Amino acid sequence: MKKIMTLMLTLSLAIASSQALAANATCTVTAVNEESISLDCGTTAESFKIGDKVKVIKKAAKKQKAIEGC
């Protein structure tokens with residue numbers, strides 16, 4: 001009985017964790033309207049579906065520090 005319960009618990013956890021994974025993509029903003037933004041994600045756009053909620057984080061490009069010579 002304990003083995004069956006352990007197996008069922010493990011399977012339910014595996015199913016729940018696979019649904020919680022999010023798709024990752026690096027996209028470029030192509031157009032901005034009053035209420036919408038168009039993104040170009042290349043071939044990774046296939047992992048998104050219509051109606052998916054997406055979190056967008058703006059990251060500034062890193063500036064390289066000047067290298068001083070001797």
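Two strands are taken to pair if DSSP finds at least two bridges between them. In the predicted model described here, V32 stands opposite I37 in β2, and V29 has L39 as its bridge partner in β2. In total, 4 bridges join β1 to β2, and the two strands run antiparallel. Together β1 and β2 form a hairpin, with 4 residues between them.

The hairpin belongs to a protein chain with 1 helix and 2 strands. From the N terminus on, these elements follow the order α-β-β. The helix, α1, spans residues 2-20, while β1 covers 28-32 and β2 covers 37-40. Of the 70 residues in the protein chain, buried residues make up 1%. The accessible surface of the protein chain amounts to about 7,700 Å², and carbon and sulfur atoms account for 60% of that surface.

The surroundings of V29 illustrate the pairing of the hairpin. V29 lies in strand β1. When its neighbours within four places in sequence are left aside, V29 is in contact with I37, S38 and L39; among these, L39 is also the bridge partner of V29. A further relation links V29 to D40, 11 residues apart along the chain, with a separation of 6.3 Å between their C-alpha atoms.

Several residues of the hairpin also take part in a surface feature. V29, V32, I37, L39, V54 and V56 form a nonpolar patch on the surface, and their accessible area together is about 590 Å². At least two residues of the patch are supplied by β1, and at least two by β2. Another member of the patch, V56, is located in the segment after β2. With a relative accessible area of 64%, V56 is exposed, because the threshold for that class is over 50%.

A search of the whole structure finds 1 disulfide. It joins C27 to C41, with an S to S distance of 1.9 Å. This pair links distant parts of the chain, 14 residues apart: C27 is in the loop between α1 and β1, and C41 is in the segment after β2. The torsion about the S-S bond of C27 and C41 is about 105 degrees, and the disulfide is therefore right-handed. The two cysteines fall into separate accessibility classes. C27 counts as partly exposed, at 29% relative accessibility, whereas C41 counts as buried, at 14% relative accessibility. The assignment of C41 follows because buried means under 20% relative accessible area.

The loop between α1 and β1, in which C27 is found, also contains A25. A25 is partly exposed, with a relative accessible area of 33%. Not counting residues up to four places away in sequence, A25 touches T44 and F48. For A25 and F48, the separation is 23 residues in sequence and 9.5 Å in space, taken from C-alpha to C-alpha.

How values were computed: Residues are numbered from 1 along each chain as its sequence is written. This is a predicted model: local features need pLDDT of at least 70, side-chain atom pairs count only at pLDDT 80 or more; totals for chains, interfaces and linings use all residues. Side-chain values use heavy atoms; hydrogens and water are left out. Patches are made of residues with over 30% relative accessible area and no salt bridge: like charges are joined within 9 Å, nonpolar side chains (Val, Leu, Ile, Met, Phe, Trp, Tyr) within 5 Å. Accessible areas come from the Shrake-Rupley method with a 1.4 Å probe; for residues, only the protein chains shown count as cover. A salt bridge is a side-chain nitrogen of Lys or Arg within 4 Å of a carboxyl oxygen of Asp or Glu. Buried means under 20% relative accessible area, exposed over 50%, partly exposed in between (1.4 Å probe, protein chains only). A disulfide is a pair of cysteine sulfur atoms within 2.5 Å. Contact means heavy atoms within 4.5 Å.
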